[in-house]
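Trainee: I have a model open and would like to go through it residue by residue. Where should we begin?

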Amino acid sequence: MRVLFFAFFSVVIGLMAVDFFNPSLPAIQKDLSVSQGTMKNLIVFYMIVLGLAQFFYGSFSDAKGRKIALATGLGVAAVGLFVGYTAHSIVALDISRVLTALGTAACTVISRALIVDTLQEPGKLRKAFSYFSMASQLSPAVAPLIGSFIGVHFGWHLQFLFFAAAVVAGLIMIASLMPETHPASARNQGRTGKVQAYTTVLKNVNFTSYSIASALIFSFTIAFYATAPFAFDALGVSPVGNSLFYILYAVSIICGSFCNSWISWSPTDTYIRGLAAYLVVFVVSAFSDLDSSLVKIGLFSVALGFISGLIAPLTLTLSMTTVETARGAASAVQGAIKMFFTGLLLLVFDSVVITGFTAIVLIFIGFAVALLALHLFTTAANRKEKVSA
């Protein structure tokens, strides 16, 4: 249980490094006198750096252990957040976010590695990743509300200082209490070489395909959190009001993840049904004029969050189940693919000025079609592999 607690804690603290500041993006934009596109680029750069940095933490944690890797990452993140506290230009803020991403990449890698170090049986792994998904929603449920409150009353600079202090406190707790799940004996036994470890998992069609699918699904959530502040700002909704919709979305993801942990369908059948549900929700929403009513936006948030919560854990389960060695490297590759491709996908939103939710929904339809095409490709590849075997 203590290992799972630190796995859940790691993913929450990593996500909070984004969620804590999202509602304040329009205010930061106005304070620094930059364009909406420039502010959205902060998220894009953050996600890309977050993805690439995971390769380092994957091999580092396989060689040196999970605990030292996570502690190192949190130390770098704390420095980045303090730079954000002192930032008075977009360049300084860019540096802050890059450093923070370089640090919190450890949270993404180690949180999953702790789970696969501890649990190998597919059924238990599915439940663990479902609870993992539910735990991750503590961040969007709590962080935006606290962050927006601090931002509105004390300014966005204090948000960075407050969160830097929280990260330092987390670092102290991990150094004092977190157990090591990857002891020296396992490190020596599983050392197959960094390049070989990465290429081995990438050759697995299911691993690579479902990792890319996880990026597309994660893009729905990150794009919602990153673009909703601009849509709500255009609709006259305050940052605190915006954060209440985040809570609604987060609760919906938790409900979807809880259903996934107990549902009787197979992971593949559940996943296919989730893809179909995405298309239905997006097409209906595209013709519903969401911007005319906050109730419609709320219903859309609930539907999107529930479906994402239902099938997002499945991509982790389906991609990681067959990995037997170099789990830190596999977790790093999975996380790198997820975060890097999420960053690239968010570039689509940079080309659109967000003045409401209609444009967001239209882009989501394209992502859903890509998910369906990817699944069809994976199914065909698996059939071909069985025939050749």
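Mentor: Begin with a definition: a patch is made of residues with over 30% relative accessible area and no salt bridge, and nonpolar side chains are joined within 5 Å. Keep in mind that this is a predicted model.

Trainee: Which residues make the nonpolar surface patch of about 480 Å²?

Mentor: Helices α7 (138-154) and α8 (156-177) each supply at least two residues of this patch. The patch covers about 480 Å², and its members are Phe-82, Phe-149, Phe-154, Leu-158 and Leu-161.

Trainee: Is Phe-149 buried, partly exposed or exposed?

Mentor: Phe-149 lies in helix α7. Buried means under 20% relative accessible area and exposed means over 50%, with partly exposed in between. Because its relative accessible area is 44%, Phe-149 is partly exposed.

Trainee: Is Ser-61 buried or exposed?

Mentor: Ser-61 sits in helix α3, which runs over residues 36-64. In space, C-alpha to C-alpha, Ser-61 is 9.0 Å from Ala-113, although 52 residues separate the two in sequence. The relative accessible area of Ser-61 is 0%, so Ser-61 is buried.

Trainee: What span does helix α4 reach from its first C-alpha to its last?

Mentor: Helix α4 covers residues 66-86, which is 21 residues. Its buried residues include Arg-66, Leu-70, Leu-74, Leu-81 and Gly-84. At 1.5 Å a residue the expected span is 30 Å, and the helix comes close to that, reaching 31 Å.

Trainee: How many aromatic pairs does a search of the whole structure find, and what is the geometry of Phe-349 with Phe-367?

Mentor: The search of the whole structure finds 32 aromatic pairs. For Phe-349 and Phe-367, the centres are 6.2 Å apart and the planes are at 80 degrees, a geometry that is edge-to-face.

Trainee: Which helices does that pair link, and are its two residues buried or exposed?

Mentor: Phe-349 is in helix α15 (residues 327-350) and Phe-367 in helix α16 (residues 358-388), 18 residues apart. Phe-349 has a relative accessible area of 1%, so it is buried. Phe-367, at 7% relative accessibility, also counts as buried. The helices linked are therefore α15 and α16, and both residues are buried.

Trainee: Which residues do ring pairs link into a cluster?

Mentor: Phe-349 and Phe-367 form an aromatic pair, and both belong to the cluster. The full membership is Phe-220, Tyr-278, Phe-282, Phe-300, Phe-349, Phe-364 and Phe-367.

Trainee: Over which ring does the charged end of Arg-273 sit?

Mentor: The charged end of Lys-338 sits over the ring of Phe-218, 4.5 Å from its centre. For Arg-273, the charged end is 4.2 Å from the centre of the ring, and that ring belongs to Trp-265.

Terms used:
Residues are numbered from 1 along each chain as its sequence is written. This is a predicted model: local features need pLDDT of at least 70, side-chain atom pairs count only at pLDDT 80 or more; totals for chains, interfaces and linings use all residues. Side-chain values use heavy atoms; hydrogens and water are left out. Helices (H or I, at least four residues) and strands (E, at least two) are DSSP runs, numbered from the N terminus. Buried means under 20% relative accessible area, exposed over 50%, partly exposed in between (1.4 Å probe, protein chains only). Patches are made of residues with over 30% relative accessible area and no salt bridge: like charges are joined within 9 Å, nonpolar side chains (Val, Leu, Ile, Met, Phe, Trp, Tyr) within 5 Å. Accessible areas come from the Shrake-Rupley method with a 1.4 Å probe; for residues, only the protein chains shown count as cover. A salt bridge is a side-chain nitrogen of Lys or Arg within 4 Å of a carboxyl oxygen of Asp or Glu. The expected span of a helix is 1.5 Å times one less than its number of residues. Rings of Phe, Tyr and Trp (its six-membered ring) pair if their centres lie within 6.5 Å; planes under 30 degrees apart count as stacked, over 60 as edge-to-face and the rest as tilted. A charge sits over a ring if NZ of Lys or CZ of Arg is within 6 Å of the ring centre and within 35 degrees of the ring normal.
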